[in-house]
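Here is a short round of questions on one chain. Look over the sequence and the fold, then work through the turns below.

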Amino acid sequence: MDLWIQPCARCADLYGKSAAEPPHQDLTLNGAGAVKDARVEEHYTCVQCRAVFARILAGPPTRQIWMLLNAGQH
Ligand SMILES: [Zn+2]
């Protein structure tokens, strides 16, 4: 995985939003095996900027967000 990418506008926009939000059009769902438990989270990669997202689907509602795993911005 490429570390410390610069997220494109769509990724920057999605980052931190509720997991109820649909993935943007440049995100592709990573294949089976990429995630230990697909019921808990899904991983997506952006074809534009190579950002890797985790879409958290379980746990407290406040934790169910789009997390950017490899962005340089904190
Ligand atoms: Zn992107």
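Two residues are in contact if their C-beta atoms, placed from the backbone, lie within 7 Å. This is a predicted model: local features need pLDDT of at least 70, side-chain atom pairs count only at pLDDT 80 or more, and totals for chains, interfaces and linings use all residues. Residues are numbered from 1 along each chain as its sequence is written.

Q: Leaving aside its neighbours within four places in sequence, which residues is Arg10 in contact with?
A: Arg10 is found in helix α1. Helices (H or I, at least four residues) and strands (E, at least two) are DSSP runs, numbered from the N terminus. Leaving aside neighbours within four places in sequence, the contacts of Arg10 are His24 and Asp26.

Q: Is Arg10 buried, partly exposed or exposed?
A: A residue is buried if 20 or more other C-beta atoms lie within 10 Å of its own, exposed if 12 or fewer, and partly exposed in between; C-beta atoms are placed from the backbone. Arg10 has 17 C-beta neighbours inside 10 Å, so Arg10 counts as partly exposed.

Q: In what order do the elements of the chain run from the N terminus on?
A: The chain holds one helix and four strands. From the N terminus on, the order is α-β-β-β-β.

Q: What is the order of the strands in the open sheet?
A: Strands of a sheet pair through backbone hydrogen bonds, either parallel or antiparallel. Two strands count as paired if DSSP finds at least two bridges between them. Here the pairing is antiparallel, and the four strands form an open sheet in the order β1-β2-β3-β4.

Q: Which strands are the edge strands?
A: An edge strand here pairs on one side only. That applies to β1 (27-29) and β4.

Q: By how many degrees are neighbouring strands of this sheet turned against each other on average, direction ignored?
A: Axes are lines fitted to C-alpha atoms, for helices over the stretch in contact, and angles run from 0 to 180 degrees between N-to-C directions. For neighbouring strands of this sheet, with direction ignored, the average turn is 35 degrees.

Q: How many bridges pair β2 and β3?
A: Thr45 stands opposite Val52 in β3. Glu41 has Ile56 as its bridge partner in β3. β2 and β3 pair in the antiparallel sense, and the number of bridges is five.

Q: Which residue in the turn of the β2 and β3 hairpin has a positive phi?
A: The hairpin has five residues between its strands. The phi value is near 70 degrees, positive in a residue other than glycine. With 16 C-beta neighbours inside 10 Å, this residue counts as partly exposed. The residue is Arg50.

Q: Which residue in β2 does Leu27 stand opposite?
A: Three bridges join β1 to β2, which run antiparallel. In β2, the residue opposite Leu27 is Cys46.

Q: Which residue in β4 is the bridge partner of Ala54?
A: β3 and β4 pair in the antiparallel sense over three bridges. Arg55 stands opposite Trp66 in β4. For Ala54, the bridge partner in β4 is Met67.

Q: How many residues are in the largest nonpolar core?
A: A nonpolar core is a set of buried Ala, Val, Leu, Ile, Met, Phe, Trp, Tyr and Cys residues joined through C-beta atoms within 7 Å. Members of the largest one include Ile5, Leu27, Phe53 and Trp66. The elements that give two or more residues to this core are α1 (9-14), β2 (41-46), β3 (52-56) and β4 (66-68). The number of residues in this core is 12.

Q: Is Trp66 buried or exposed?
A: Trp66 lies in strand β4. Its contacts beyond four places in sequence include Leu14, Ala19 and Phe53. With 22 C-beta neighbours inside 10 Å, Trp66 counts as buried.

Q: What distance separates the C-alpha atoms of Trp66 and Ser18?
A: Trp66 and Ser18 are 48 residues apart along the chain. The separation of their C-alpha atoms is 6.3 Å.

Q: What percentage of the contacts between residues at least 6 apart in sequence join residues at least 24 apart?
A: The chain has 74 residues, and buried residues make up 20% of them. Among contacts between residues at least 6 apart in sequence, the share that joins residues at least 24 apart is 43%.
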